Amino acid sequence: NHWISFSHMATDTMQFPFDRWVHCEQRVIKHSREQMNNIKHPQGLYSVRESICRLISLTRGVKCFPEQIVLGAGTHFLMQMFIRLIPENSTVSMEDPGYNRIYTFLKNEQVNVQTFGLDDKGASISDIRRLNPNVVYITPSHQFPTGRLMPIARRVQLLNWAMESNFRYILEDDYDSEFKYESDTIPALQSLDTFEKVIYMGCFSKSLMPGLRVSYMILPQHLLYVFRKKYADFFQSCSVLTQLTLQEFIDSGEYQKHIKRMKQLYQERREMLMLALETRFGDKMKIEGANAGLHFRITFETERTTEHILKRAKEEKIELYSMNPFYLTNPESNQGPSFVLGFAKLPKEHIDEGVNRLYRAIYG
Ligand SMILES: Cc1ncc(COP(=O)(O)O)c(/C=N/[C@@H](CCC(=O)O)COc2ccccc2)c1O
């Protein structure tokens, strides 16, 4: 019988409106084929950046000009460019548990990277003060991987910390912010920034598809100046055809239509999954970070080890990811086995069966 996926690393590509996307692409080919020779702008095509600017000011309260946006084929790529805008020996600190791929990436780039802990409000300010880094990299709107939401008060505290010294930056990675379920959207940290301290990073991986490889960062004016000097002869890494098709998809209203439809679909799956888990596991499990995004964290009360559960999950044919890879320096020992549970690739009709298999994998 078939596999059931709790992967947090995927969107439901069966639901993507490829017919609408191709329609946009055909319009681009019809009206803008000459642009296919235009690879000169290091930040991406201006008209595309204008559309993204309008979109995120509407959806995330982000304040910026198209001139400040830099497109790139993935968050890693943009992070690499950002690191080269600040002095060599800068120190970067990030969340633990956190996004291990960026942690490993920064280490391999010989960046001096440290980690700070989280409390229930997200990044721990006291940890950050102790480390005294130049750059703080955070995911405040749906902390990766715990899903925590950083309240406004903590955001203000963080901004105040950044303003205390002129060589401090906050990298706000807002990667999972399109889908909010309980609270309505908290505006981006960047929208509170008045001292050019926040570099906002976003992507279309969750809202559209990871395979599109279109992400962006918004540079404060003084860093934009450095960027333009350093990358004057640089070619943009995102394909021009993808850029222009994305612009058409946004400008035609297809993007907002898609988000509205996916939000309903994901909201339904999320609610059904949480109810099924509640019914099956009762107080043997604890869920956190479910107020937004396409995954939440779940911790189980059991004597079984995470490794044993992952092995049993394979036997039960469920795709399941544990929290372990995201503990960057100190594994949280005080809790039971903990997993990231994604529902973007979990059709409604598989939810009950998936939860039953999960139960067998843990207690069976
Ligand atoms: C914190 C954070 N920031 C940015 C990104 C996106 O990177 P980009 O696509 O290169 O811009 C991810 C993707 N994280 C990866 C999951 C984490 C992991 O690797 O285990 C991929 O996540 C998804 C991709 C598509 C749909 C749903 C999830 C990120 O976890």
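How many nonpolar, polar and charged residues make up the shell around the ligand? In this predicted model, the shell divides by class into 9 nonpolar, 7 polar and 4 charged residues. The ligand is surrounded by 20 residues, and those that come nearest are T75, R101, D173, S205 and R213.

Polar side-chain atoms of three of these residues were examined with respect to ligand oxygen atoms. For S205, a polar side-chain atom is placed 2.4 Å from an oxygen atom of the ligand. For R213, the distance from a polar side-chain atom to a ligand oxygen atom is 2.5 Å, and for T75 the corresponding value is 2.6 Å. The ligand, taken alone, exposes 660 Å², of which the protein buries 94%.

The ligand was next considered together with the space that holds it. The largest pocket is the space taken by the ligand, and this pocket contains about 610 Å³ of space. Its lining comprises 27 residues, with M9, Y99, R101, Y175 and K206 closest to the centre of the pocket. R101 is thus listed among the residues closest to the pocket centre and also among those that come nearest to the ligand. Three elements, α3 (75-83), α4 (100-108) and β14 (321-322), each give two or more residues to the lining of the largest pocket. By class, this lining consists of 13 nonpolar, 10 polar and 4 charged residues.

Enclosed space was then surveyed. Over the whole structure, the search identifies 3 cavities of 30 Å³ or more. The largest cavity holds about 70 Å³ of space. It is lined by 13 residues, of which I56, T59, E178, Y216 and Y255 are the closest to its centre. Two elements, α2 (46-60) and β9 (198-203), give two or more residues to the lining of the largest cavity. The greatest contribution to this lining comes from α2, which supplies 4 residues. In terms of class, the lining of the largest cavity is made up of 7 nonpolar, 3 polar and 3 charged residues.

The second largest cavity encloses about 50 Å³ of space. Its lining is formed by 13 residues, and T11, L208, H258, M262 and Y266 lie nearest its centre. The lining of the second largest cavity has 6 nonpolar, 5 polar and 2 charged residues.

Backbone geometry was also inspected. A cis peptide bond, with omega of about 5 degrees, links D96 and P97. P97 is located in the loop between β3 (91-95) and α4; α4 is also one of the elements that give two or more residues to the lining of the largest pocket. A cis peptide bond is likewise present between F144 and P145, where omega is about 10 degrees. P145 is found in the loop between β7 (135-138) and α6 (152-163).

A positive phi, of about 55 degrees, occurs at E196, although this residue is not a glycine. E196 belongs to the loop between β8 (169-173) and β9. The strand β9 is in turn among the elements that give two or more residues to the lining of the largest cavity.

Technical notes
Residues numbered from 1 in each chain as written. Predicted model: local features only at pLDDT ≥ 70, side-chain atom pairs only at ≥ 80, totals over all residues. Heavy atoms only, no water. Near = heavy atom within 4 Å. Polar contact = N/O pair within 3.5 Å; in protein donor to acceptor, adjacent residues only side chain to side chain. Areas by Shrake-Rupley, 256 points an atom, 1.4 Å probe, with all protein chains shown as cover. 1 Å grid on protein atoms, 1.4 Å probe; cavity = no way out; pocket = protein on both sides within 12 Å on 5 of 7 lines; lining within 4 Å. Sits in = over half its atoms within 2 Å of the grid points. Nonpolar A, V, L, I, M, F, W, Y, C, P; charged D, E, K, R; others polar. Points joined across faces, edges and corners; volume = space filled by probe spheres on them.
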